[in-house]
Amino acid sequence: VQLQAYGGGLVQPGGFLRLSCAASGSINSINTMGWYRRAPEKQRELVAIIDTGGRTYYPDSVKGRFTISRDNAKNTVYLQMNSLKPEDTAVYYCNARIRAWGRPESDYWGQGTQVTVSS
């Protein structure tokens with residue numbers, strides 16, 4: 001099982017970006033999917049999470065600006081980021097709790113994609 005993240009890049013404050021992350025491989029089922037980020041010299045933090053029923057959670061730092069969604073047919077999770085701020089600058093990682101065929105449910109991580117918000 002692999003998670004491949006796309007998107008990211010350099011954007012001005014107030015701008016927007018869309019990240020996507022596709023899971024592939026011998027997948028039986030996918031439980032929660034989410035995005036985390038790690039800024040320089042800071043701990044990794046949760047950005048958004050979505051469960052199989054479409055219920056979402058956001059920390060206050062991104063609530064109202066970021067939107068997570070998923071396409072179960074494509075095993076893909078998206079993160080729409082609007083009104084970006086310099087403090088959103090970080091490496092963003094996608095995460096999915098996946099049950100692969102013949103294996104117990106486990107957490108899988110994407111490779112990380114850089115988001116830089118700067119003028």
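A residue counts as buried when its relative accessible area is under 20%. Arg65 has a relative accessible area of 10% and is therefore buried. This arginine belongs to a predicted model, in which the protein has 0 helices and 11 strands. The briefing below covers the overall build, the salt bridges, the surroundings of Arg65, two residues of strand β8, and the contacts made with aromatic rings.

**Overall build**

- Along the sequence, the secondary structure reads β-β-β-β-β-β-β-β-β-β-β, with no helix in the count.
- The radius of gyration is 14 Å, in agreement with the value near 14 Å that a compact globule of 119 residues would have.
- Taken along the principal axes, the box filled by the C-alpha atoms is roughly 50 × 25 × 25 Å.
- Of the 119 residues, 41% are buried.
- Among contacts with a separation of 6 or more, 54% join residues that are 24 or more positions apart.

**Salt bridges**

- The whole structure contains 6 salt bridges, and three of them are described here, including the pair formed by Arg37 and Glu45.
- In the Arg37 and Glu45 pair, the closest N and O atoms are 2.6 Å apart.
- The two partners differ in burial class: Arg37 is buried, at a relative accessible area of 5%, whereas Glu45 is partly exposed, at 33%.
- Asp88 and Arg65 form a salt bridge through their side chains, with an N to O distance of 2.7 Å.
- Because Asp88 lies in the loop between β8 (76-81) and β9 (90-100) and Arg65 in the loop between β6 (56-57) and β7 (66-71), this pair ties together parts that are 23 residues apart in sequence.
- Asp88 is buried, with a relative accessible area of 0%, and Arg65 is buried as well, at 10%.
- A network of salt bridges links Arg37, Glu45, Arg65 and Asp88.
- The side chains of Asp107 and Arg97 also meet in a salt bridge, at 2.9 Å from N to O.
- Asp107 is in strand β10 (residues 106-109) and Arg97 in strand β9, so this pair ties together parts that are 10 residues apart in sequence.
- Both partners are partly exposed: Asp107 has a relative accessible area of 38%, and Arg97 has one of 35%.

**Surroundings of Arg65**

- Arg65 is located in the loop between β6 and β7.
- A polar atom of the Arg65 side chain lies 3.0 Å from the backbone oxygen of Ser83.
- Apart from residues up to four places away in sequence, Arg65 touches Gln80, Met81, Asn82, Ser83, Leu84, Lys85 and Asp88.
- Two of these residues recur among the interactions above: Asp88 is the salt-bridge partner of Arg65, and Ser83 supplies the backbone oxygen for the polar approach.

**Two residues of strand β8**

- Met81 is part of strand β8 and counts as buried, at 0% relative accessibility.
- With residues up to four places away in sequence left out, Met81 touches Gly15, Phe16, Leu17, Leu19, Arg65, Phe66, Tyr92 and Val115.
- The C-alpha atoms of Met81 and Val62 are separated by 8.6 Å, and the two residues are 19 residues apart along the chain.
- Thr76 also lies in strand β8, and its relative accessible area of 8% makes it buried.
- The side chain of Thr76 places a polar atom 2.8 Å from the backbone oxygen of Lys74.
- Beyond its neighbours within four places in sequence, Thr76 is in contact with Ser20, Cys21, Ala22, Met33, Ser69, Arg70 and Asp71.

**Aromatic rings**

- The structure contains 1 aromatic pair.
- Arg18 places its charged end over the ring of Tyr78, at 4.2 Å from the centre of that ring.
- Arg44 lies over the face of Tyr36, and the distance to the ring centre is 5.4 Å.

How values were computed: Residues numbered from 1 in each chain as written. Predicted model: local features only at pLDDT ≥ 70, side-chain atom pairs only at ≥ 80, totals over all residues. Heavy atoms only, no water. Salt bridge = Lys/Arg side-chain N within 4 Å of Asp/Glu carboxyl O. Buried < 20%, exposed > 50% of the residue type's maximum accessible area, 1.4 Å probe, protein only. Helix = DSSP H or I, 4+ residues; strand = E, 2+ residues; numbered from the N terminus. Phe/Tyr/Trp six-rings, centres within 6.5 Å; stacked < 30°, edge-to-face > 60°. Lys NZ or Arg CZ within 6 Å of the ring centre and 35° of its normal. Polar contact = N/O pair within 3.5 Å; in protein donor to acceptor, adjacent residues only side chain to side chain. Contact = heavy atoms within 4.5 Å. Rg over C-alpha atoms; globule rule 2.2 N^0.38 Å.
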